[in-house]
Amino acid sequence: MEIKVLGTGCAKCKTQEKYVQDAVAEANVEATVEKEEDIMKIMQYGVMATPAIVIDNEVVAKGRVLSVKEIVKLITQ
């Protein structure tokens, strides 16, 4: 599983990245977590509001910080 956290480096984006890392550890899944801060690459996903989460090239959340519990649900479906 490949997870990307899209965001320009603001506090919310950094928080979201930490929550994603925590959720991967809690769910005990094999996943690579990557932070994308390049605005041009973020826009390629059609995302205009950050933070956003992309799982296996599919945008699953954007514009708000998801909780660890919400992220665990997304990665264990």
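These entries record a look at the salt bridges of a predicted model.

Entry 1, ground rules. I worked on a predicted model, where local features need pLDDT of at least 70 and side-chain atom pairs count only at pLDDT 80 or more, while totals for chains, interfaces and linings use all residues. I kept the numbering that runs from 1 along each chain as its sequence is written, and side-chain values use heavy atoms, with hydrogens and water left out.

Entry 2, the count. I looked up how many salt bridges the structure holds. The structure holds 4, a salt bridge being a side-chain nitrogen of Lys or Arg within 4 Å of a carboxyl oxygen of Asp or Glu. I noted three pairs, including E2 with K4.

Entry 3, E2 and K4. I found the closest N and O atoms of this salt bridge 4.0 Å apart. For accessibility I used these classes: buried is under 20% relative accessible area, exposed is over 50%, and partly exposed lies in between (1.4 Å probe, protein chains only). K4 is buried at 14%, whereas E2 is partly exposed at 32%.

Entry 4, K35 and E37. I read 3.4 Å between the closest N and O atoms of the salt bridge that joins E37 to K35. K35 has 19% relative accessibility and counts as buried. E37, at 43%, counts as partly exposed.

Entry 5, R64 and E70. Is each partner here buried or exposed? I found R64 partly exposed at 44% relative accessibility and E70 partly exposed at 29%. Their salt bridge has its closest N and O atoms 2.9 Å apart.
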